[in-house]
Amino acid sequence: MRITVLAGGVGGARFVRGVREEARRRWPDGQGGSEASAVDVIVNTGDDLWLAGVRLMPDFDSLLYALAGVNDTERGWGRAGETERVAAELSEWGVGWPWFTLGDLDLGTHLARTSWLRDGLTPTQVGERLQGRWPLGVRLRPATDTEVDTHVLVQDPDAAGASDAPTVELHFQEWWTRYRASLPALEFRQRNLDVARPAPGVAEAIADADVVLVAPSNPVVSIGTILTIPGIREALAATSAPVVGVSPIIGGAVVRGMADACLSAIGVETDAAAVARHYGARSAGGLLDGWLVAEEDAAEVEGLRAHGFAARAVPLWMRDLDTSAALAGEAFDLARELRADRGR
Ligand code: FO1
């Protein structure tokens with residue numbers, strides 16, 4: 001069973017842990033000749049940035065740390081047991097951003113990554129080395145090896161809200177961590193899309209999948225950014241695998257993060273059905289065959305089915321490994337039914 005997941009960082013990590021667990025339970029590798037399974041995670045790279053001379057890949061690192069079990073579960077990013085001695089010095093030197101903390105252990109990752117990049121390795125090759133340190137049980141794949149860093153067009157925050165304030169482009173991470181997504185985003189833009197291509201192995205992971213899962217990550221700046229990489233939408237349209245997504249919205253509210261600020265910026269309601277329609281039904285040229293909504297949103301199922309989505313209301317809250325695995329199981333079950341329907 002080959003499972004490919006499109007994921008961002010923090011919300012994606014929780015879901016991918018569930019996918020890994022459920023895959024292990026359903027397809028214990030090689031025992032009794034049972035079918036083996038493989039999980040490939042296509043990771044958003046739009047949050048990535050250069051800061052203090054090092055290359056950060058926040059979504060990749062959130063998944064890496066969470067799947068390795070070394071993540072800070074409180075903050076949702078960075079390393080457990082972190083210290084900030086170097087960050088204090090960087091702040092004294094005025095290097096980096098005072099609102100963006102680079103922990104000591106985390107800096108170890110960024111220094112290793114930057115060192116390998118300077119040796120000529122690609123982000124994909126760097127990712128292979130980083131995940132080689134811990135047996136993750138899944139393969140993390142940056143969506144592209146091109147630097148596509150998301151930037152956000154806003155009214156100049158220093159123009160004191162003047163109606164004719166000029167616009168400025170902020171790196172997504174400044175908009176997200178300094179301004180907490182409070183500045184209305186006029187546009188999200190990725191860099192270098194004219195030369196960006198899926199990273200090696202990404203198009204194949206989609207084409208060869210038995211199921212493609214869309215994690216409950218930010219539909220705009222995480223999943224949306226993966227979809228802007230030329231070639232990825234085409235691969236998703238062409239794969240024989242059913243594409244099943246999980247709503248990041250429960251009862252009209254985001255589960256975590258500030259996806260609502262991103263959705264409103266592109267004119268999409270913060271609603272489980274609205275996000276599905278934003279992604280589009282595959283039968284109508286969009287992304288999704290199936291869509292899982294929370295039981296709180298069961299009333300949306302009939303309308304979604306009328307729009308061509310194989311929708312289903314299931315428990316969506318991922319409180320722990322078991323609930324995350326159960327959610328992954330619901331996605332696997334829906335995908336199996338979709339494959340059976342297609343077979344008919
Ligand atoms: N998020 C914050 O809100 N404040 C921070 O200081 C911060 C530092 C940071 C450093 C490394 C890293 O990989 C992630 C970091 N994040 C921080 C989280 C980051 O904004 C998110 O992981 C995603 O990029 C947005 O979902």
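Here are three short exercises on the predicted model shown above.

**Exercise 1: the whole protein**

Work out how the protein's radius of gyration fits with that of a compact globule.

*Solution.*
- Start with the chain length: there are 344 residues, and for that number a compact globule would have a radius of gyration near 20 Å.
- Now look at the protein itself: its value is 20 Å, so the two agree.
- For the outer dimensions, picture a box of roughly 65 × 50 × 40 Å along the principal axes, filled by the C-alpha atoms.

**Exercise 2: inside and outside**

Find what share of the residues is buried, and what supplies the exposed area.

*Solution.*
- Buried here means under 20% relative accessible area. By that cut-off, 55% of the 344 residues are buried.
- Next, take the surface: about 14,700 Å² is exposed, and carbon and sulfur atoms supply 50% of it.
- Then check the contacts. Among those between residues at least 6 apart in sequence, 69% join residues at least 24 apart.

**Exercise 3: one sheet up close**

The protein has 13 helices and 14 strands. Pick out the open sheet containing β6 and say which strands stand at its edges.

*Solution.*
- Write down the order: β7-β6-β8, with antiparallel pairing.
- β7 (167–171) and β8 (187–190) each have a single partner strand, so they stand at the edges and one side of each has no neighbour in the sheet.
- On average, neighbouring strands here are turned by 30 degrees against each other, direction ignored.
- Zoom in on β6 (residues 150–155): this strand pairs with β7 over 5 bridges, in the antiparallel sense.
- To locate one bridge, go to H151, whose partner in β7 is H171.

Technical notes. Residues numbered from 1 in each chain as written. Predicted model: local features only at pLDDT ≥ 70, side-chain atom pairs only at ≥ 80, totals over all residues. Heavy atoms only, no water. Pairing = 2+ DSSP bridges. Helix = DSSP H or I, 4+ residues; strand = E, 2+ residues; numbered from the N terminus. Axes fitted to C-alpha atoms, helices over the stretch in contact; angles between N-to-C directions. Rg over C-alpha atoms; globule rule 2.2 N^0.38 Å. Buried < 20%, exposed > 50% of the residue type's maximum accessible area, 1.4 Å probe, protein only. Contact = heavy atoms within 4.5 Å. Areas by Shrake-Rupley, 256 points an atom, 1.4 Å probe, with all protein chains shown as cover.
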